[in-house]
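Trainee: I would like a close look at one pocket in this model, and at the parts of the chain around it.

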Amino acid sequence: MSSEREDLVAELLLRSRVLSTETVMFHTALAEQNGLSPVESKVTDYLARLGPLTPKELAEYAGLAPASVTALVDRLERKGVVNRMPHPDDRRKVLVGISQANVERAAPLWDDIVAAMKSLAAGYSDEQLQTVIGFLDQAAAITHESTVRLTHRSAE
């Protein structure tokens, strides 16, 4: 690898660390605004992105012990953030989903960052955005796999 390429990759890794830290700090502030812990906030993010999940699925995504997820869901339900509902295909299971009231309460907190990101994206061509999207998808997968290795859980 050329010296210039090595420098670019090193700069990319540094900028990725900066973005990661700023993202953690943003999500910590969001959690505080919503009266949630950072873990509670990230669990709600899984539910918002993936839709209702069983507690077991939620434990697998979040890398938490099933007993921890049960207590976490209990807390989130008391706070009005999630709802438990019957599983449509298996009466023995329940699904956990985001409550509509929570969505309406939390959505305005995203307005500024979403508007700023849309403005930023406007300065890039469609091809450039496709490249950025591809990079972010692969970076997220690498980060997930690294988390799995650190927590010694299965990658699902």
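Trainee: How many nonpolar, polar and charged residues are in the lining of the second largest pocket?

Mentor: The lining of that second largest pocket holds 9 nonpolar, 5 polar and 2 charged residues. In this division Ala, Val, Leu, Ile, Met, Phe, Trp, Tyr, Cys and Pro are nonpolar, Asp, Glu, Lys and Arg are charged, and the others, including Gly, are polar.

Some ground rules come before the details. The model is predicted, so local features need pLDDT of at least 70 and side-chain atom pairs count only at pLDDT 80 or more, while totals for chains, interfaces and linings use all residues. Residues are numbered from 1 along each chain as its sequence is written, and side-chain values use heavy atoms, with hydrogens and water left out.

Now the pocket. The space in the second largest pocket comes to about 300 Å³. Thr44, Ala48, Asn102, Ala106 and Trp110 are the closest to its centre among the 16 residues of the lining. A pocket here is an open set of points on a 1 Å grid over the protein atoms alone, where a 1.4 Å probe fits and protein lies on both sides within 12 Å along at least five of seven lines; a lining residue has an atom within 4 Å of a point. Points are joined across faces, edges and corners, and the volume is the space filled by probe spheres set on them.

Three helices, α1 (3–33), α2 (38–50) and α5 (100–106), each give at least two residues to the lining of the second largest pocket. Of these, α2 has the largest share, with 5 residues. Helices are DSSP runs of H or I with at least four residues, strands are runs of E with at least two, and both are numbered from the N terminus.

Helix α2 also takes part in salt bridges, of which the structure holds 8. The cut-off is a side-chain nitrogen of Lys or Arg within 4 Å of a carboxyl oxygen of Asp or Glu. One of them joins Asp45 to Arg49, with 2.9 Å between the closest N and O atoms. These two residues are separated by about one helical turn, because they are 4 residues apart in α2. Arg49 is exposed at 56% relative accessible area, where exposed means over 50%, buried under 20% and partly exposed in between (1.4 Å probe, protein chains only).

A second bridge leaves the helix. Glu40 meets Arg75 at 2.8 Å, N to O. This pair links distant parts of the chain, since Glu40 is in α2 and Arg75 in helix α4 (residues 66–78), 35 residues apart. The two partners are covered to unlike degrees: Glu40 is buried at 2% relative accessibility, whereas Arg75 is partly exposed at 31%.

From α4 the chain can be followed to strand β1 (residues 82–86). Asp74 and Arg84 form a salt bridge of 2.6 Å, N to O. That pair again links distant parts of the chain, with Asp74 in α4 and Arg84 in β1, 10 residues apart. Shared partners also join Glu40, Arg75 and Lys79 into one salt-bridge network. Asp74 is partly exposed at 29% relative accessibility, and Arg84 is partly exposed at 31%. Pro86 belongs to β1 as well and is exposed at 69%. The C-alpha atom of Pro86 is 17 Å from that of Leu50, which is 36 residues away along the chain.

For comparison, the largest pocket holds about 2,300 Å³ of space. Its lining has 48 residues, with Leu19, Ser20, Thr23, Leu136 and Ala140 nearest the centre. By class these are 27 nonpolar, 13 polar and 8 charged residues. Helices α1 and α2 are among those that supply at least two residues to this lining too, but here the largest share, 14 residues, comes from α7. Val148, in α7, is buried at 8% relative accessible area, and its C-alpha atom is separated by 9.5 Å from that of Tyr61, 87 residues apart along the chain.
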